[in-house]
Amino acid sequence: MCSIFVITCFMMLAVAIGTPSSQESYVEENLGTEQESIGNFTYESSLYGFSFIDQDEFIDKPVIYLAGFYPLETTESFPMKMLGYQSYYSSLLALQHVNDHPTVLKDYHLKLIRCDSANRVGLALMKLFEQYSSTTKISAVIGGLRAEVTEAMSKVTAIMNLIQISYGSHSPQLADRTEHPTLYRTIPSSSEFSRPRIKLIEAWNWTKVATLHSNQDVASSAMRDFSTRLQKHSEKTNYTIEVIASESFDHNSGANDRLKFLKRKDARIIIGNFYEYEAVMVFCQAYKQGLTGPNHVWMIYGYYQVDWWNMSYTETHYGCTPEQMAEAVEGYIAVSWDVISDIDKPTISNYTPEWYRQKMLQKFDEDLAETVVPAPYAYDAIWAAALAFNATEADLSQRGLGLLNFTYEDEYNITTLMQEKMKTVDFLGVSGPIKFTDKGDSLGILKISQLKNGVQREIARYYGYNDSIVWDYTFDEIWENGIPADSDQTIRLTQNMMISEKLFVLYAVMSAFGVMTAIAFLLFNIVYRNERLIKMSSPNMNNVIIFGCILCYITTVLYGLDSLNLGDYRLRVMCQVQKWCFAFGFTLSFGAMFSKTWRVYSIFTNKKLQKRVIKDPRLLAMVGVLLLIDLGILLTWQLTDPLEITIKSLRNKTEEGKPVTIINIEQHLCQSTYQQYFTGALYIYKGLLLIFGAFITWQTRNVNIPALNDSKYIGLSIYNVVIFSSLGVPLSFLLQDDSSHKYVIVGGFIIFCTTLTLCLLFFPKVYSIINGYAPEEVGSRAMSNVNGRQGYGRRMEDSNRRVSLLAKDPSMGLKIENEKTSEVQI
């Protein structure tokens, strides 16, 4: 027969990969009495004692045989052997409950043939072939546990027309109905983890994720399924979730290079599919790459051992200490099977999930509410087979057939009918609701956990049968510092460095007040220009000083305009205007003061005591020369190296409550290639002018000329400018990366110096005009009659002064005479 030939080929494959050379030697060496049919029986294993009393002679019903594949005595891995015995015991427990049930298969008796697969493909196939060759006909297969074993067996069971129900194989590849048409699983496929993961991503408003998986078939196929589901979800809901990187790694070569790529992509939400021993390596390398911590969220499998990251080989193999590993894994999200149903109702067997949990705790000293083992799915697998048999029997009886008419060739289409009935199986098992999809998978209940302070706590449950999540914690409780951001690249917000709006308004108001004050002084100077007190203080030069001060006030406002107020193009123009305005304002105001001071210095350092007339046009010419120097420097700068807008990145700051939102502070500057040279030229030129002004002011500090009654105030103004310039220029360079602080210094000094200059020069004049002034204040023999008040001469005091001077220095006579004749000409 063709089927026998195919099975023989599988037998040869099993022999080729290392199984014993003969069937007899294998049975004698490894199987012992495993071939006996076991229903309710008394059996003592080397690990656990199972007591189910029922002998064959007491059974008066037709027997349906199931072949159960479990990793038992010959299994090399002790943890795997433990899982095998737990699953085997659960199967026996379910078998007893089925046989005791009053309505399910009431006319039949189920028995289980115990097959030790040792979790090896070759041995499992050999065992399956033995069952095929045996005179005891099996009607279904329960198992296996390992995915590779189940996959190999399912191809054979399909040929044998046997329904196979796996309780522990969760590989997504087993859902391929073309390759595995008769395979069903009570354990949800690991591809079902994609459903709650997508719901979590959507619930936490993430739109960009990265994936990392080992290149093993289970992990790879599960990740492919995740990407496919993600794409379909985006198309269906219009909620686009982008996979920015999908990387795989080989355990032998490590995941370091793949993690570096994820770091370059700045992945924040990482979906990981890998086994426990691979997870230790991944998280250690991720820690070293900076891909862990509060800014990153890892979604991984949740069926690892407790404290799996704290294994002894962690530091030895991968270079991470237990403390570093604990820091690396903190906060991960895990999705796993919830093997014990939280539905507090009797199951199909009339026993509650809590009863089953206590039974397993008593037998194996393991709380299934805290661990992930396949035993509950083995219990439900027996019930799924029994219910499908029961439904099939009802239809077969109408055709005059029964379950015992089943043959491996399926000549009565019993397998086809049973497959249809498997689709209708719907019951509450100890693992939760059991209902199979078209691919033979059970949706079941999945557990969502989070590692918090080193303890994995359950935060939600996902119910596959109605595609819903029930939360145990609020989002604020899960994410105490806010839900982490998801961007494939760090969210970088650009914030322009700008001057404080309140500071700008304050300085603008002060400057406006200063301009109005200057205009008031200008009007005063014009109205009283023929008044001797005003006339003797050179009103034309005073007007020049006022115009210069007004330009300085305007410069303060211009300095406060930045890119947010103007935009880059207008800012470039404004930068040029700023420099021209301040250069001319400084030269007009302080250049005029320097020229007036120079006039006093020139007259009173005239050792020959010759008559010297220095009138305003000459002083204006001096100011004009200074302006020409400014013009030459600025025009050369403008034509050869114009200012352009450049953006200077100052620093990054992390926004509070949003650890991945990095704000890049930028400053829009007006710069040119040779700016430092032109700026240096202006500073040197203005500095020399200040030094010269300070020098001549110091030299004339003791001169008290009634005709030039504001000379001492000019001196104070120049000192004031020198002092504040020597402070302001260095501070402005130190604070150039902080626009507001720089504006406080530069704008404040300009306003202060300009205002102080105006007040020193004009308040005394205003006061004198309003209150009247004595003739000696302006070199007159009579008092002013301003405001209708007549003054009285002080001829006696003048005479006494001259006599005293002549007594000390006879040469002063000529000078006194010159003073009499040239007061107005000075």
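This is a guided tour of selected strands, helices and contacts in a predicted model.

Residues are numbered from 1 along each chain as its sequence is written, and in this predicted model local features need pLDDT of at least 70, side-chain atom pairs count only at pLDDT 80 or more, and totals for chains, interfaces and linings use all residues. Side-chain values use heavy atoms, with hydrogens and water left out.

**Strand E4**

Select residues 63–70, strand E4; here helices (H or I, at least four residues) and strands (E, at least two) are DSSP runs, numbered from the N terminus. Eight of the eight residues of E4 are buried, so the strand is largely enclosed by the rest of the structure; buried means under 20% relative accessible area, exposed over 50%, and partly exposed in between, with a 1.4 Å probe and protein chains only. Colouring the two faces separately shows Val63, Tyr65, Ala67 and Phe69 pointing one way, and Ile64, Leu66, Gly68 and Tyr70 the other way. Add residues 109–116, strand E5, which pairs with E4 in the parallel sense over eight bridges (two strands pair if DSSP finds at least two bridges between them). Within this pairing, Phe69 has Cys115 in E5 as its bridge partner.

**The open sheet and strand E16**

Next, display the open sheet of eight strands, whose order is E10-E9-E11-E12-E13-E16-E17-E18 and whose pairing is mixed. E10 (242–249) and E18 (468–471) stand at the edges with a single partner strand each, so one side of each is left without a neighbour in the sheet. From one strand to the next, the twist averages 25°.

Now narrow the selection to E16, residues 445–452, where seven of the eight residues are buried, so that this strand is largely enclosed by the rest of the structure. E16 pairs with E13 (residues 333–337) in the antiparallel sense over five bridges, and Ala334 has Ser449 in E16 as its bridge partner. E16 is also joined by eight bridges to E17 (residues 455–463), again running antiparallel, with Ile445 opposite Tyr463 in E17. E16 and E17 form a hairpin with two residues between them, and Asn453 in the turn has a positive phi of about 55°.

**Helices H13 and H14**

Move to H13 (residues 375–398) and H14 (residues 414–424), which pack at an angle of about 120° with their axes 9 Å apart; axes are lines fitted to C-alpha atoms, for helices over the stretch in contact, and angles run from 0 to 180 degrees between N-to-C directions. The two helices are therefore oblique to each other (angles under 35 degrees count as roughly parallel, over 145 as roughly antiparallel, 65 to 115 as roughly perpendicular and the rest as oblique). To view the contact, meaning heavy atoms within 4.5 Å, show side chains including Ala384, Phe389 and Leu396 in H13, and Leu417 and Met422 in H14.

**Tyr559**

Finally, centre on Tyr559 in helix H18 (residues 539–559), which counts as partly exposed at 30% relative accessibility. Not counting residues up to four places away in sequence, Tyr559 touches Ile499, Gln578, Tyr743, Val746 and Ile750. A distance label between the C-alpha atoms of Tyr559 and Met574, 15 residues apart along the chain, should read 8.7 Å.
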